[in-house]
Each structure stands twice: as C-alpha cells, then as structure tokens.
Amino acid sequence: MKIADRSSRNKTLSAVIVISIGLHLIGLLAFGMVKIAESVFREEKVFEAPPILETPEVEPDYTAELMERNQESSPPPPNPIVVSDLQDIELPALDIDISIDNTSSYGRGSGGFGTGVGGGQIREMAVNLTDFGYSDYVEGTLEGILFDFKRNKKGESLGRAKYNDIRSRVYEFASGSNWSTSELRRKYFTADKKLYGSHWVIAKTPAEAAPRAFEAEDQIAPIGVIALYDGNYVPTKGGAIRFCGLGDDVLMVRLDEKIVLDASWTQGYSNMDFSKQETGEVLLGHVEPIRYGEWIELEAGKTYDLKILLGEGPGGLFGAYLFYQTKGGDMRVFSTNPLTAEERKRVRDIHRDVANLL
C-alpha cells in the first residue's frame, strides 16, 4: 500500500514539473512572437528640425544715452574776456605771428633795447592795457606800485603836502636809498592794485588818470603820488646807449644801483645836476626840452636791475615819455619788450612826435 502511494506521488510531481516547464516555454514563445511582430510592423519615425527664421537686425538707439553722457561730461564754457573800455578792442591788432621766436623769460625784456614788433603778441587778448601798464603780469614787464606820499602806511596824513614837501620826500627816497619797494611800503600808503609796464609814453592827461589806472581813485588823491616800476631787464643787443625823455613832474631811471637819467620837470628830485645835463628839442607839446642821461654800456644777455620812477607833485596835468638813443643812431621809444601791434597803435595815437620814434 505504501509502495503504491509513493509511486502515485512521484507521477503527480513529474506531471506538475512537466506542465510548469511547458507553460514557461509557451510564455517565452508568445513573448518572442510579440517582439518579432513589433519589430516588423513598427513604423520608422523621422524627426525634422523646424525651419530657421532670420531675425531682422534692429539698429540700437544710442541717441538718448549719448545726449545724457555729453551733458554730463562736457567741459564748462570758458570765461569771457572782460574789457573795461571798448576802445581797447582792436581786432586788426591781433596779427599774431606764430613763427616769432620769443626769447624772453620771467621778468626779462627782449628785442634789442626793447623796440620793434614781436614777442608776446597774444598778451593783447589776455589782459587790459592802460597808459600805466597791463592790468596783470605780462612776461618781460616791470611791476609797478603806486604810493601816496601824503600819508603813512595806515593812511594817516603826514602834514603839509605842498609841492616842495613832496619834492623833498621824493629826493629823500631817490638819493638816499636803494629804491626799495619794501621801504616805501613801510612809510607810505600803497594802492593794492599793481600794474605791469614795458614802455612809458603817457600823453598829458589829468593827474587823476594814475590813481584810476591803479584802481585807487577812491583812496588816493592825485597829488603827491609816485609810481615805482621794478624788475629785471636783459637786452638782446649790446652797445652804448643813453636814456632820454621828460616827466611832468617826475621821471627817473635807475640801472644797477645808479641813477642814469633824471628827466623830471625841475631839478631837486634827485642829486643830479641839471646844469651838466644835455637837453634836446621840445616834444609832445611840452614846453620843457627833452633831457638826456649819461652814456652807459649794455652787454647783451646780461641781467640788469631796472627801476623807473614816475610822479606827480601838485596835481593838475601829468605826462611822461621815456626814450633811448644809441651812439650815432636815432632816438627810439624804450621798451623792455618788443611792442605789440596794439601798443604801437596806442603810442602812435598819442602824438605825431612819438609816431616817428617807433
């Protein structure tokens, strides 16, 4: 009985195994047929890229940005040139020769003994020119300061201011000192404004013209006033010359610690003896003749200390002119710089006598 049962179980297990194997085979076969069918009947897919469309080029608009940038970065406009007198403006006088070789340097004159045309033409546009000099520093000029010989440095009266009193004060300064501006500042009232002169040809004019040119007409009365011009002078030509001219009331020239010309209206402003002084013709409508200084020898390229003193005693009319003469040569207007076109015109317009000495 037991043997029969065991045989029956073995048959059943074998049948189960066979059936299981058959089912797996059928499953694998079915799966394989499905995959074969898919590979045979599946459509091949083709992917096409979309067409490329050209984007139209658009010019960027920089106008607004550039306008804003220009407004932010533009330099400020230049300061306008201010001229106090419209008669000082002469467009034809601006004949600037860019080929000019300007050899002058700080505080030095150039151009022979100073006359001629050239060096520094452009200065006409930069500063205002008065009869007593430029309103600001110009290369090759002498610095001019106006002093009131009637008052001390605080503006207090020094007492009498008669003609002889003023003359004695000028004599004390001219004959007993080194013509120091510092000395004058310690003793006398001084105008704040400075002028810068290169030549000294001043037509007869009311004495008020000097304080007005130095912008001190409200501070200094036109009596007992002295203007001292001081600086270096370097002639570009050497030789023997003498200064000459006339001042109403005071005109003196000091070169290297020595007075080489006193062409004042009368004697007594310095220790020079007018009886030993040579005189010439009467010029520019004055009644006194021109006065000549002593002959001096100038060396080209050498630096000289040059001081020029102008002054007015009793008031009224003032005038002065400073020339020079070479040995065997004609008299000419003295200038520490070659005269510009504007300066030459101003000098010519003063008097016909001066026009012939340019």
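These legends go with a set of close-up views of one predicted model.

In this predicted model, local features need pLDDT of at least 70, side-chain atom pairs count only at pLDDT 80 or more, and totals for chains, interfaces and linings use all residues. Numbering starts from 1 along each chain as its sequence is written, and side-chain values rest on heavy atoms, with hydrogens and water left out.

**View 1. How confident the model is along the chain.**
Start with pLDDT, the predictor's confidence in each residue, from 0 to 100. Its mean over the chain is 79, and 70% of the residues reach 70 or more. Two stretches fall under 50: residues 43–47 and residues 62–75. A contact here means heavy atoms within 4.5 Å. For residues 43–47 the model has zero contacts beyond four places in sequence, and for residues 62–75 it also has zero contacts beyond four places in sequence.

**View 2. Phe 132 and the largest nonpolar core.**
A nonpolar core is a set of buried Ala, Val, Leu, Ile, Met, Phe, Trp, Tyr and Cys residues joined through side-chain atoms within 4.5 Å. Buried means under 20% relative accessible area, exposed means over 50%, and partly exposed is in between (1.4 Å probe, protein chains only). The largest core here has 39 residues, and Phe 132, Tyr 229, Phe 243, Ile 308, Leu 310 and Leu 322 have the most contacts inside it. Zoom in on Phe 132, leave aside its neighbours within four places in sequence, and you'll find it touching Leu 195, Ile 202, Ala 209, Ala 210, Ala 213, Phe 214, Tyr 229 and Phe 318. Another core, of 18 residues, lies apart from the largest one; its members include Phe 147, Tyr 188, Leu 228 and Tyr 269.

**View 3. The hairpin of β9 and β10.**
Helices (H or I, at least four residues) and strands (E, at least two) are DSSP runs, numbered from the N terminus, and two strands pair if DSSP finds at least two bridges between them. Strands β9 (residues 250–255) and β10 run antiparallel, joined by four bridges. Val 253 has Leu 261 in β10 as its bridge partner. Most of β10 (residues 258–262) is covered, with four of its five residues buried. Two residues sit between the strands of this hairpin. Look there for Asp 256, in the loop between β9 and β10, where phi is near 50°, a positive value in a residue other than glycine. Asp 256 is partly exposed, at 35% relative accessibility.

**View 4. Backbone details at Asp 249 and Leu 284.**
Asp 248 and Asp 249 are joined by a cis peptide bond, with omega about 25°. Asp 249 belongs to the loop between β8 (239–248) and β9. Over at Leu 284, phi is near 55°, again positive in a residue other than glycine. Leu 284 is in the loop between β10 and β11 (291–292), and at 11% relative accessible area this leucine is buried.

**View 5. Two salt bridges between separate elements.**
Side chains of opposite charge can pair when their charged atoms come close. A salt bridge puts a side-chain nitrogen of Lys or Arg within 4 Å of a carboxyl oxygen of Asp or Glu, and the structure holds 13 of them. In one, Lys 187 meets Glu 172 at 3.4 Å, N to O. Lys 187 is in helix α5 (residues 181–187) and Glu 172 in helix α4 (residues 163–176), so this pair ties together parts 15 residues apart in sequence. Lys 187 is partly exposed at 33%, and Glu 172 is partly exposed at 46%. In another, the closest N and O atoms of Lys 307 and Asp 230 are 3.5 Å apart. Since Lys 307 lies in strand β13 (residues 304–312) and Asp 230 in strand β7 (residues 225–233), they tie together parts 77 residues apart in sequence. Lys 307 is buried at 6%, whereas Asp 230 is partly exposed at 24%.

**View 6. Asp 349 in helix α7.**
Asp 349 forms a salt bridge with Lys 345, with the closest N and O atoms 2.8 Å apart. The two are four residues apart in helix α7 (residues 341–350), so about one helical turn separates them. Asp 349 is exposed at 53%, while Lys 345 is partly exposed at 27%. Elsewhere, salt bridges with shared partners link Asp 148, Lys 150 and Arg 151 into one network. Back at Asp 349, its C-alpha atom is 9.5 Å from that of Ala 203, a residue 146 places away along the chain.
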